[in-house]
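The exercises below are meant to be worked through with the sequence and the 3D model open side by side. Each one sets a task and then gives a solution in steps.

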Amino acid sequence: MSNERSLNRHLSPVNVWALAFGCIIGWGAFMMPGTQFLPTAGTLGTAIAMVIGALIMVVIAFSYSYMVPRFPTAGGEFTFTKECFGRRHAYLCGWFLALAYVANVPMNCTALGLMTRKLFFGVFQFGKMYQVAGYDIWAGEILLSLAALTVITVFSVKGVRKAGWLQTVMAFSLAGAFLIIVVSSLFSPITRWENLRPLWGPSSVSTPKEIWQGILAIVAVAPWAYVGFDTIPQATEEFNFPTKKVNAIMIVAIAFGCIVYSCNNFVTAAASPDWTQFIQTHDWAVGAAVEAMMGRPGLIVLGIAIASAILTGMLGFLTATSRLLMSMARDGYVPSWFAYVHPEHRTPSRAILFCFLV
């Protein structure tokens with residue numbers, strides 16, 4: 001590969017872990033305990049399901065760790081498919097990946113507006129524009145999303161060292177804020193272990209069949225919950241360490257994701273003697289639980305965790321999408337325009353800006 005098309009190798013193992021962990025944990029991790037996890041499988045059932053899901057993802061991680069050292073270039077699964085199965089399979093793989101990755105950027109971006117509605121009393125709900133399926137669109141929330149996306153894009157274009165630093169800072173902010181919430185919940189006077197019951201779902205009496213139905217229903221969404229660790233192979237070309245470390249980094253990122261999902265469930269349930277009623281009376285059960293345990297300061301800490309989760313998802317998926325498009329352009333699957341590497345910053349700046357415009 002010519003120097004004009006090469007990327008800088010500035011990503012450390014910690015940067016790569018932050019890339020994966022930040023993409024795994026998003027807004028959904030702080031919403032689904034009350035809307036999906038607890039009503040379906042309860043506290044213990046969800047924890048078992050998330051562990052099963054994590055183990056399934058580890059199998060995939062082992063597959064990636066086998067392929068990355070053999071094809072240490074940007075593109076990840078697209079490159080693996082091209083080398084192993086040929087161009088037609090790679091074409092399908094690349095386009096499905098590109099659509100999946102790029103869709104996660106606006107998904108995380110628009111979650112910022114939802115966060116401000118929950119935590120800051122809708123301060124950005126001004127300039128009502130129109131409605132979509134009963135959902136109000138506000139100019140203030142759009143401006144907030146665009147401002148965040150612009151900052152993320154600038155960091156992405158300016159170089160992988162800066163982007164890696166920002167991703168790492170936000171990932172540690174996410175982990176640190178979440179740790180404060182979990183530890184505080186353990187010492188909260190309203191926390192009781194018996195509050196975690198029923199363990200297997202909303203019913204206090206569940207048959208073995210119902211228990212496994214609930215667990216398997218959560219296992220079915222686990223691939224969505226853990227999506228993001230697969231962004232690591234996209235950045236292979238920018239590693240400054242031996243690729244044999246990839247497997248351990250992926251497993252640690254998946255383990256952290258499993259802990260966050262499971263602990264969010266326990267925190268939500270532990271805040272009330274009857275979590276089945278609690279999640280019905282609060283449209284955002286995690287936020288209500290944290291506020292009950294820690295007061296307004298707890299919501300501020302939760303806001304830091306959520307904002308960090310959203311921003312790391314935006315940056316991580318923007319990085320993955322741009323590297324994928326660059327790799328596809330090098331092989332002629334998309335116009336060569338996408339393969340352009342900025343001469344100073346050594347980033348696929350055109351691909352990054354394309355994702356920004358989308």
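Before residues are sorted by class, note that Ala, Val, Leu, Ile, Met, Phe, Trp, Tyr, Cys and Pro count as nonpolar, that Asp, Glu, Lys and Arg count as charged, and that the others, Gly among them, count as polar. The model used throughout is a predicted one.

**Exercise 1. Describe the second largest pocket by its volume, its lining and the classes of its lining residues.**

Step 1. The second largest pocket holds about 240 Å³ of space, and 20 residues line it, of which G26, W27, G28, M107 and W224 lie nearest its centre.

Step 2. Two or more residues of this lining come from each of α1 (13-24), α4, α7 (208-226) and α11 (296-330), and α4 gives the most, with 6 residues.

Step 3. Sorted by class, the lining of the second largest pocket comprises 13 nonpolar and 7 polar residues, with no charged residues.

**Exercise 2. Work out the same description for the largest pocket, and state which element gives the largest share of its lining.**

Step 1. The volume of the largest pocket is about 370 Å³, and among its 20 lining residues P106, C109, T110, I142 and S145 lie nearest the centre.

Step 2. The elements that contribute two or more residues to this lining are α4 (87-119), β2 (135-138), α5 (139-158) and α12 (349-357), and the largest share, 7 residues, is that of α4.

Step 3. By class, the lining of the largest pocket divides into 14 nonpolar, 3 polar and 3 charged residues.

**Exercise 3. Find how many cavities of 30 Å³ or more the whole structure holds, and describe the lining of the largest cavity.**

Step 1. A search of the whole structure for cavities of 30 Å³ or more finds 1, and the volume of the largest cavity is about 100 Å³.

Step 2. Its lining is made up of L11, N15, L19, V160, A163, G164, Q167, L315, G316 and T319.

Step 3. At least two of these residues come from each of α1, α6 (160-186) and α11, with α6 supplying the largest share, 4 residues.

Step 4. The lining of the largest cavity has 5 nonpolar and 5 polar residues, and no charged ones.

**Exercise 4. Determine in which sense β1 and β2 pair, and describe their hairpin.**

Step 1. Strand β1 (residues 128-132) pairs with β2 in the antiparallel sense, over 4 bridges, and K128 stands opposite W138 in β2.

Step 2. The hairpin of β1 and β2 has 2 residues between the strands, and A133 takes a positive phi near 55° there.

**Exercise 5. Classify the packing of α4 against α5 from the crossing of their axes.**

Step 1. Two packed helices are described by the angle between their axes and by the distance between those axes.

Step 2. For α4 and α5 the axes come within 9 Å and cross at roughly 130°, which means that α4 is oblique to α5.

Step 3. The handedness completes the description, as α4 passes α5 in a right-handed crossing.

Note on methods. Residues numbered from 1 in each chain as written. Predicted model: local features only at pLDDT ≥ 70, side-chain atom pairs only at ≥ 80, totals over all residues. Heavy atoms only, no water. 1 Å grid on protein atoms, 1.4 Å probe; cavity = no way out; pocket = protein on both sides within 12 Å on 5 of 7 lines; lining within 4 Å. Points joined across faces, edges and corners; volume = space filled by probe spheres on them. Pairing = 2+ DSSP bridges. Axes fitted to C-alpha atoms, helices over the stretch in contact; angles between N-to-C directions. Parallel < 35°, antiparallel > 145°, perpendicular 65-115°, else oblique. Left-handed = near helix turned anticlockwise from the far one by under 90°.
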